[in-house]
Structure formats: C-alpha cells, structure tokens
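Thanks for coming. I have one model to go through today, and I will keep to the packing and the charged pairs.

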Amino acid sequence: MQVKFQTQLETVKFLCTEFWKFAFSKGVDNLRTNNAGTFIIVDDAFKFLARVSCKDHESKEYQEKIAFYEAFVIGMIIGALMNLGYDQTPQVKSNFKDTRLQLTITLQTIVNEDAQTSSIPPPIR
C-alpha cells in the first residue's frame, strides 16, 4: 500500500501526527508554514532529548552528545520524507534548547513535465 498525499502540507501533517506519535510517543506541539515549501515543527517537550545527561548544558561534552541525537532525528525525518516519495533530499535544520526541538523543513516544489507547478512528489520508480 502506498500512501498518496495531494499536497506538501498533507505530507507534513502526516509526519507531525502519525509518524511523530509512532517514533516519539506524542504529536508535535506546533506546525507552521509559509505556504511556499517551508515548514516549522515545534515540540516543546521533546522527551528524546531528556535522556541526554550532563550537568552543564553549555559544555562541549553536552554539545557533542546533542549533535548525535540531532543527526539521528534529522535522518529519521529525511528518511520518512524520501520514503513518502520526495526524491530530492529535503533540507532540514534543527534548533535544540533544553527539551525544546524546532525543525525547519524545506521541500522542493516539483515542476512536472507539463510545465505546471505541483506540490506533490513524483511517483517512485
């Protein structure tokens, strides 16, 4: 079964609800968009980061640990989007602060062969 979404917004909403709940046991707290392919996902109580133990959040050790968690989460998001049909790698930037996560996802608008702009990904071949 292949899920087909009509718009980028539908795809990202699926990511924020179903995928996020499955991966992190809760939905995101906020989703914003500029309606031009950029989405900001905010999770104010990202429990996944609570597992990083370090007394000093400004220390080099803590920053190194966070970098691994950050790479893992970004990899999951990119992998999910690519498996949903986006063949161009989405740009994902993150901002971690204590247990707050903010992801900025930029998806390419696909131009199909008819020279009409489309926000749905092309079929996987």
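I will start with the core, then take the first helix, the aromatic rings and the salt bridges in turn. Please keep in mind that this is a predicted model.

The core, then. The largest nonpolar core has 27 residues. Within that set, the members touching the most others are Leu15, Trp20, Ile41, Phe46, Ile77, Leu103 and Ile105. Where do the core residues come from? At least two residues each are supplied by helix 1, residues 8-24, by strand 2, residues 38-43, by helix 3, residues 60-83, by strand 3, residues 91-97, and by strand 4, residues 100-106. Which of these gives the most? Helix 3 does, with 8 residues in the core. As background, nonpolar side chains in soluble globular proteins tend to be buried together.

Next, helix 1. The buried residues along this helix are Gln8, Thr11, Val12, Leu15, Cys16, Phe19, Trp20 and Phe24. Packed against them are strand 1, strand 2, helix 2, helix 3 and strand 4. Helix 1 is also not straight: at Leu15 there is a bend of about 30 degrees. Leu15 is one of the core residues that touch the most other members, and Leu15 is also among the buried residues of the helix. Just after helix 1 comes Ser25, with a positive phi near 65 degrees.

Now Trp20, which deserves a slide to itself. Is Trp20 buried or exposed? With a relative accessibility of 0%, Trp20 falls under the 20% cut-off and therefore counts as buried. If we set aside neighbours within four places in sequence, the contacts of Trp20 are Leu15, Ser25, Lys26, Gly27, Val28, Asp43, Phe46, Ile77, Leu101 and Leu103. Among those, Leu15, Phe46, Ile77 and Leu103 are also on the list of core residues with the most contacts to other members. Two others, Lys26 and Asp43, will come back with the salt bridges.

On to the aromatic rings. How many aromatic pairs does the whole structure hold? The search gives 3. Take Trp20 and Phe24: the ring centres are 4.8 Å apart and the planes stand at 55 degrees, so this pair is tilted. Both residues belong to helix 1, 4 residues apart, or about one turn of the helix. Phe24 is buried, at 11% relative accessible area. Trp20 also pairs with Phe46; here the centres are 5.9 Å apart and the planes at 40 degrees, so this pair is tilted as well. This second contact links distant parts of the chain, from Trp20 in helix 1 to Phe46 in the loop between strand 2 and helix 2, 26 residues apart. Trp20 and Phe46 are both buried. Taken together, Trp20, Phe24 and Phe46 make one aromatic cluster.

Right after that loop we reach helix 2, residues 47-50, which contains Lys47. Lys47 is exposed, with 62% relative accessible area. Between the C-alpha atoms of Lys47 and Leu101 the distance is 9.8 Å, while in sequence the two are 54 residues apart.

Last, the salt bridges. There are 4 in total. Lys26 pairs with Asp43, with 2.7 Å between the closest N and O atoms. This bridge joins distant parts of the chain: Lys26 sits in the loop between helix 1 and strand 1, Asp43 in strand 2, and 17 residues separate them. How do the two ends compare in exposure? Lys26 is partly exposed at 21%, and Asp43 is buried at 1%.

A further bridge runs between the side chains of Arg100 and Asp44, at 3.0 Å from N to O. Arg100 is in strand 4 and Asp44 in the loop between strand 2 and helix 2, so the bridge ties together parts 56 residues apart in sequence. Both ends are partly exposed, Arg100 at 33% and Asp44 at 41%.

Then there is a bridge inside helix 3. Lys65 and Glu61 have their closest N and O atoms 3.5 Å apart, and the two are 4 residues apart, about one turn of the helix. Lys65 is partly exposed at 27%, as is Glu61 at 46%. Finally, salt bridges with shared partners connect Lys26, Asp29 and Asp43 in one network.

That is the end of my slides.

Key
Residues numbered from 1 in each chain as written. Predicted model: local features only at pLDDT ≥ 70, side-chain atom pairs only at ≥ 80, totals over all residues. Heavy atoms only, no water. Core = buried A, V, L, I, M, F, W, Y, C linked by side-chain atoms within 4.5 Å. Buried < 20%, exposed > 50% of the residue type's maximum accessible area, 1.4 Å probe, protein only. Contact = heavy atoms within 4.5 Å. Bend = angle between axes of the 7 residues up to and from the residue. Phe/Tyr/Trp six-rings, centres within 6.5 Å; stacked < 30°, edge-to-face > 60°.
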